Amino acid sequence: MNVPFNDLKLQYADIRGEIDAALRQVVAEQQFIGGEEVEAFEREFAAYSDAPVCVACASGTDALMLALAALGVGPGDDVVVPAMTFVATAEAVAHVGARPVFADVEDDRGTLDAAALERSLTPATRAAIVVHLYGQIADMEPIAALCRRRGLWLIEDAAQAHGATWQGRPAGAWGECAAYSFFPGKNLGAYGDAGALVGRNSEALRRAALLRDHGRRQKYLHDLVGYNARCDALQAAILRVKLRHLPRWTERRRAIADHYRQALTETERVRLPRVPAGSAPVWHLFTLRSPQRDALRAHLERAGIATGIHYPHAVHQQPAFAARGRTPSLPVAERIAQTTLSLPLFPELREAQMAHVVETVNSWSKA
Ligand SMILES: *Cc1c(COP(=O)(O)O)cnc(C)c1O
């Protein structure tokens with residue numbers, strides 16, 4: 001039996017009528033950049049995120065860049081970034097001219113560790129980005145308290161955490177704003193690139209809205225040097241359709257994760273993901289840890305099961321960033337890079353496929 005890591009064709013087959021109608025509507029209107037579809041999506045995603053404002057843009061990376069630029073972060077500034085994340089978190093910092101300073105993560109969630117954040121502060125630190133890795137919100141109270149005490153901007157990278165909550169609150173509730181990605185494989189995915197900012201810092205979000213569209217206040221009047229980082233109407237129309245289904249897909253992800261957590265056996269060869277009390281993850285990824293990760297991955301591949309590694313290198317170990325100067329050892333992030341393995345988890349996964357995954361992992365972990 002083959003078990004793919006994800007299969008977006010199954011999702012499209014499920015909602016094809018709605019998607020095709022939405023696409024035909026946009027093409028009939030010929031309003032492709034900004035406009036009513038984008039504004040409607042912004043209202044709906046703000047409501048979904050329990051946030052007062054949403055600014056849709058061209059990608060999750062752009063959302064992070066716009067947030068930093070809108071907060072005035074730039075050359076001469078340091079921004080703390082967790083070492084275990086997708087590279088875009090650090091790229092956004094570099095692209096506004098600031099310096100990413102990598103901090104270690106906590107072992108359980110793989111998210112930014114408040115003590116490590118404090119240790120990595122410099123006189124030039126202006127901001128911190130916390131990443132809600134794998135669909136689980138980070139331990140936000142100590143991080144938010146530290147940022148308040150030190151007068152630092154706090155930005156949440158929620159690219160993997162659509163709908164996740166920590167103590168009942170979603171991403172965007174702690175920092176200035178939260179950046180979302182709608183890359184196709186994310187929990188809410190467009191049919192191309194798209195992203196958004198949501199949050200409570202309405203002044204920053206107003207600036208971000210100007211910056212994404214060439215800093216323009218009105219046609220041919222530009223208040224700021226901005227970017228072309230707009231969300232297009234086709235993506236917004238697709239996202240509006242898919243947002244209506246997201247609660248049901250999230251429920252399904254949670255049911256699959258619950259089944260895995262209850263059916264998989266933890267041994268010294270396999271560790272299951274940890275979920276602290278008060279956390280309601282949305283399981284963008286279901287990540288095991290194993291000291292013999294590559295052997296487990298090969299075992300699963302022989303059984304027809306596709307897996308992923310998120311991520312095989314901590315960001316400070318990437319050639320692009322290691323070349324930028326001093327690289328302290330960040331042992332937790334480095335260990336996660338060597339031991340993490342993501343199992344197939346997507347809403348359309350069938351019961352028989354789940355059972356095959358469980359059986360194949362258990363036969364190896366108990367051997
Ligand atoms: C996907 C992702 C991004 C980047 O989003 P894009 O839409 O691909 O630009 C940033 N941070 C994290 C943690 C991500 O998973």
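**Exercise 1. The ligand and its surroundings**

How many residues surround the ligand, and which are the closest? Describe the polar contacts and the make-up of this shell as well.

*Solution.* Keep in mind from the start that this is a predicted model.

Step 1. Count the shell: 13 residues surround the ligand, and the closest are Gly60, Thr61, Asp157, Ser181 and Lys186.

Step 2. Look at individual atom pairs, using the cut-off that a polar contact is a pair of N or O atoms within 3.5 Å. Gly60 takes part through its backbone, where an N or O atom lies 2.7 Å from an oxygen atom of the ligand. Thr61 uses its side chain, in which a polar atom lies 2.5 Å from a ligand oxygen atom, and the side chain of Gln160 has an N or O atom that is 2.9 Å from an oxygen atom of the ligand.

Step 3. Ask how much of the ligand is covered: taken alone the ligand exposes 380 Å², and the protein buries 93% of that.

Step 4. Find the helices involved. Helix H3 (60–70) and helix H4 (88–95) are the elements that give two or more residues to the shell.

Step 5. Sort the shell by residue type, which gives 4 nonpolar, 7 polar and 2 charged residues.

**Exercise 2. Three helix pairs**

For the pairs H2 and H8, H1 and H8, and H3 and H7, work out how the helices are oriented, and give the handedness of each crossing.

*Solution.*

Step 1. Begin with helix H2 (residues 36–48) and helix H8 (residues 233–263), whose axes come within 8 Å and cross at roughly 30 degrees. Angles under 35 degrees count as roughly parallel, and therefore H2 is roughly parallel to H8. The crossing in which H2 passes H8 is left-handed.

Step 2. Turn to H1 and H8, which pack at an angle of about 150 degrees with their axes 9 Å apart. Angles over 145 degrees count as roughly antiparallel, so H1 is roughly antiparallel to H8. Here H1 passes H8 in a right-handed crossing.

Step 3. Finish with H3 and helix H7 (residues 202–211), where the axes come within 8 Å and the crossing angle is roughly 120 degrees. This angle makes H3 oblique to H7, and H3 passes H7 in a right-handed crossing.

**Exercise 3. Backbone details in two loops**

Which residues does a cis peptide bond join, and what is the phi of Gln30? Place Tyr311 and Gln30 in their loops.

*Solution.*

Step 1. The cis peptide bond joins His310 and Tyr311, with an omega of about 10 degrees. Tyr311 is found in the loop that runs between helix H9 (293–302) and helix H10 (319–322).

Step 2. Gln30 is not a glycine, although its phi is positive, at about 60 degrees. The loop in which Gln30 is found lies between helix H1 (8–29) and H2.

Conventions:
Residues numbered from 1 in each chain as written. Predicted model: local features only at pLDDT ≥ 70, side-chain atom pairs only at ≥ 80, totals over all residues. Heavy atoms only, no water. Near = heavy atom within 4 Å. Polar contact = N/O pair within 3.5 Å; in protein donor to acceptor, adjacent residues only side chain to side chain. Areas by Shrake-Rupley, 256 points an atom, 1.4 Å probe, with all protein chains shown as cover. Helix = DSSP H or I, 4+ residues; strand = E, 2+ residues; numbered from the N terminus. Nonpolar A, V, L, I, M, F, W, Y, C, P; charged D, E, K, R; others polar. Axes fitted to C-alpha atoms, helices over the stretch in contact; angles between N-to-C directions. Parallel < 35°, antiparallel > 145°, perpendicular 65-115°, else oblique. Left-handed = near helix turned anticlockwise from the far one by under 90°.
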